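Let's work through a few exercises together. Keep the viewer open and try each task before you read its solution.

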Amino acid sequence: MSEPNRNPDSYYERHIFFCLNQRDNGQDCCAAHGAQQAFEHCKARVKQLGLAGPGQVRVNKAGCLDRCAGGPIAVVYPEAVWYSFFDQADIDEIVESHLRDGQVVERLLTPPTVGR
């Protein structure tokens, strides 16, 4: 893990949340765009790389993050970096570049004006 960004008071170095919200009223949502599969792939990849656990990385489900127009959406803390992703290769790049190496994946950033 990248020690320069390490906050000694934080239980995890980085925490990624995946919106898995499902809307039944026909409105667009992250669940309709493969968010569950992306979450599961990320969790498996983080474990495979030995990045999971206290002092390292936590992968979590989230309800609506209110940025549906950019979905599927994930956000990494403590940096508060929002990502829109499309496939497993994107998730792999987020895991390896950002979660492991501390480098933001610029091409996958959700534009700051994208909301619901």
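**Exercise 1. Strand neighbours**

How many bridges join β1 to strand β2, and do they run parallel or antiparallel? Keep in mind that you are looking at a predicted model.

*Solution.*
- Step 1: Find the two strands, with β2 covering residues 57-62 and β1 covering residues 14-19.
- Step 2: Count the links between β1 and β2: there are 6 bridges, and the strands run parallel.
- Step 3: Pick out one pair as a check: C19 has A62 in β2 as its bridge partner.
- Step 4: Follow the chain from β1 to β2: the path goes through helix α1 (residues 35-48), and this β-α-β crossover is right-handed.

**Exercise 2. The other partner of β1**

Find out how β1 pairs with strand β3, and decide whether β1 is mostly covered.

*Solution.*
- Step 1: Locate β3 at residues 73-77; its pairing with β1 is antiparallel and has 4 bridges.
- Step 2: Look for a pair here too: H15 stands opposite Y77 in β3.
- Step 3: Turn to burial: 5 of the 6 residues in β1 are buried, so the strand is mostly covered.

**Exercise 3. The whole fold**

Write down the order of helices and strands, then test whether the overall size agrees with a compact globule.

*Solution.*
- Step 1: Count the elements: the protein has 2 helices and 4 strands.
- Step 2: Read along the sequence to get the pattern β-α-β-β-β-α.
- Step 3: Compare the radius of gyration: a compact globule of 116 residues would have a value near 13 Å, and the protein has 14 Å, which agrees.
- Step 4: Add the dimensions: the C-alpha trace spans about 45 × 30 × 25 Å along its principal axes.
- Step 5: Look at the inside: buried residues are 43% of the 116.

**Exercise 4. Cysteines without a bond**

Why is the sulfur of C68 not bonded to the one in C64?

*Solution.*
- Step 1: Recall that a disulfide is a covalent bond between the sulfur atoms of two cysteines.
- Step 2: Note the cut-off: the two sulfur atoms must be within 2.5 Å.
- Step 3: Apply it to C68: its closest cysteine sulfur, in C64, is 4.0 Å away, so it is too far for a bond.
- Step 4: Try C42 as well: the closest cysteine sulfur, in C30, is 14 Å away, which is also too far.
- Step 5: Check burial: C42 is buried with a relative accessible area of 1%, and C68 is buried with 8%.
- Step 6: Finish with the whole structure, where a search finds 0 disulfides.

Key
Residues are numbered from 1 along each chain as its sequence is written. This is a predicted model: local features need pLDDT of at least 70, side-chain atom pairs count only at pLDDT 80 or more; totals for chains, interfaces and linings use all residues. Side-chain values use heavy atoms; hydrogens and water are left out. Buried means under 20% relative accessible area, exposed over 50%, partly exposed in between (1.4 Å probe, protein chains only). Two strands pair if DSSP finds at least two bridges between them. A crossover is right-handed if, with the strands pointing away from the viewer, the path from the first strand over the helix to the second runs clockwise. The radius of gyration is taken over C-alpha atoms; the globule rule is 2.2 Å times the number of residues to the power 0.38.
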